[in-house]
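Work through the exercises below with the sequence and the model open side by side. Try each task before reading its solution.

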Amino acid sequence: MTPSAIDKYDFETGVYRPPSEGGSNSLLVRLTRNCPWNRCTFCGMYKAERFQVRPVAEIKKDIDAMAALRDDLAALSGRSGKNGEATRHAAVALIGRHPALNHHPGFAMLYHWLLSGGRTAFLQDANSLIMKTGQLVEVLGYLRRTFPSIVRVTTYARSKTLVQKSLDDLKAIRRAGLDRLHVGLESGDDALLEKIQKGATAEIHVKGGKKALAAGFQLSEYWMPGLGGKAHWQDHARNTARVLSEIDPHYIRSRPFRAWPGTPMAREMAGQTFEMLTPEEQLRELRLTMQDLSVTGRVCFDHAGNSWKNSRGQLLFTHSYEGYQFPEEKQTVLDLIDDGLSVGSR
Ligand code: SF4
């Protein structure tokens with residue numbers, strides 16, 4: 001193996017992506033490194049890391065490297081390389097030629113993505129929209145041209161950044177091929193948002209969410225049941241339902257609060273200035289949130305943290321990425337919660 005043979009496959013991959021982008025085997029394309037905000041007191045994802053926007057030329061080189069792998073795998077599979085095709089035989093043969101691929105941080109991701117049909121991509125890391133609009137448009141165009149099999153591109157975005165970008169810029173990014181935004185709402189309660197240092201008020205969340213929808217994006221909003229603990233659960237539930245109802249995104253995704261070791265919130269818990277809800281109390285909060293929620297999108301519990309059990313000892317909710325359609329299935333969700341609550345009262 002010559003150094004140049006493996007150099008052509010070099011590309012960078014970040015760690016984090018939403019579960020719905022893993023189960024659907026998304027191609028992970030790293031546009032920025034880490035989080036430009038990095039202050040949320042519950043989050044430990046990028047705490048020790050410095051934020052960087054990667055140069056467009058470097059990102060394009062990554063895309064070229066991914067395409068080189070796709071084409072070489074397709075050639076070894078005896079097929080055209082344009083439709084994300086690969087076989088296990090081709091992967092084994094390519095690794096045989098370039099054993100260093102065994103240690104390549106993105107090879108397995110790319111191979112599984114090709115096997116799944118090469119249909120979706122996720123732009124990493126925490127807030128790709130912070131890139132200059134022209135640069136983001138250029139990268140999206142290059143990605144779409146290089147991988148015509150892609151039918152959906154998604155990324156994380158902050159509400160504050162959505163407010164700061166002009167609607168015309170957001171529309172240009174949408175036209176260039178970014179389809180869906182994953183936004184961390186966490187709560188709609190201003191006091192709680194300030195406490196956790198989200199860097200966004202309820203008003204900013206509403207403005208950002210509505211602007212994303214006006215620009216034509218599919219919108220996924222994530223909230224954290226239990227984030228207010230015993231002291232703030234009712235305000236957290238009511239105001240989160242109010243803000244989500246105002247935005248009315250396509251997807252609402254539940255990410256129950258868990259203390260991330262080393263974070264300020266974990267220290268609050270250790271110092272007993274934050275009291276976690278019990279699983280039953282979490283369900284009471286969830287019931288209040290769902291009761292007040294007036295939306296037309298899908299409510300999803302697509303994360304292992306949604307681990308409440310029903311009266312038969314099974315998971316209370318499906319972990320499907322498509323969840324429950326509201327308002328049609330709102331009563332179903334409320335009935336499920338009541339079933340879960342009945343376990344605690346026995
Ligand atoms: S914006 Fe997201 S990634 Fe950044 S600190 Fe907050 S939760 Fe973590």
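**Exercise 1: The ligand shell**

Task: Classify the residues around the ligand as nonpolar, polar or charged.

Solution. The model is a predicted one. The shell around the ligand has seven nonpolar residues, one polar residue and three charged residues. To check this, list the residues with a heavy atom within 4 Å of the ligand: C35, N38, R39, C40, F42, C43, M45, Y46, A126, R158 and K198. Cys counts as nonpolar here, and so does Tyr. Finally, place the ligand: the space it takes is the largest pocket.

**Exercise 2: The largest pocket**

Task: Describe the lining of the largest pocket, and state between which domains this pocket lies.

Solution. Start with the volume, which is about 870 Å³ for the largest pocket. Next, count the lining: 38 residues contribute, and F42, M45, Y156, E186 and M224 lie nearest the centre. Sorted by class, the lining has 22 nonpolar, seven polar and nine charged residues.

Then assign lining residues to elements. At least two residues each come from β5 (152-157), α7 (159-164) and β6 (180-186). The most are given by β6, which supplies four residues.

The last step concerns the domains. Domain 1 (1-157) and domain 2 (168-346) both give residues to the lining, and therefore the largest pocket lies between them.

**Exercise 3: The sheet**

Task: Give the strand order of the eight-stranded open sheet, then identify its edge strands.

Solution. Following the pairing across the sheet gives the order β1-β4-β5-β6-β7-β8-β9-β10, with mixed pairing. The edges are β1 (27-30) and β10 (324-325), since each of these strands pairs on one side only.

For one pairing in detail, take β8 (residues 251-254) and β9 (residues 298-300). These strands run parallel and are joined by three bridges. R253 has C300 of β9 as its bridge partner.

**Exercise 4: Backbone geometry in loops**

Task: Which peptide bonds, one ending at D125 and one ending at P327, are cis, and where is each of these two residues found?

Solution. Take D125 to begin with. The peptide bond from Q124 to D125 is cis, with omega near 0°. D125 belongs to the loop between β4 (120-124) and α6 (133-146).

Now take P327. F326 and P327 are joined by a cis peptide bond, with omega about 0°. P327 sits in the loop between β10 and α14 (330-344).

Task: What is the phi value of N34, and in which loop is N34 found?

Solution. Phi of N34 is near 75°, a positive value in a residue other than glycine. The loop that holds N34 runs between β2 (32-33) and β3 (52-53).

Methods: Residues are numbered from 1 along each chain as its sequence is written. This is a predicted model: local features need pLDDT of at least 70, side-chain atom pairs count only at pLDDT 80 or more; totals for chains, interfaces and linings use all residues. Side-chain values use heavy atoms; hydrogens and water are left out. On a 1 Å grid over the protein atoms alone, a cavity is a set of points where a 1.4 Å probe fits but cannot get out, and a pocket is an open set with protein on both sides within 12 Å along at least five of seven lines; lining residues have an atom within 4 Å of a point. Grid points are joined across faces, edges and corners, and a volume is the space filled by probe spheres set on the points. Domain bounds come from an automatic or database domain assignment. A molecule sits in a cavity or pocket if more than half of its atoms lie within 2 Å of its grid points. Two strands pair if DSSP finds at least two bridges between them.
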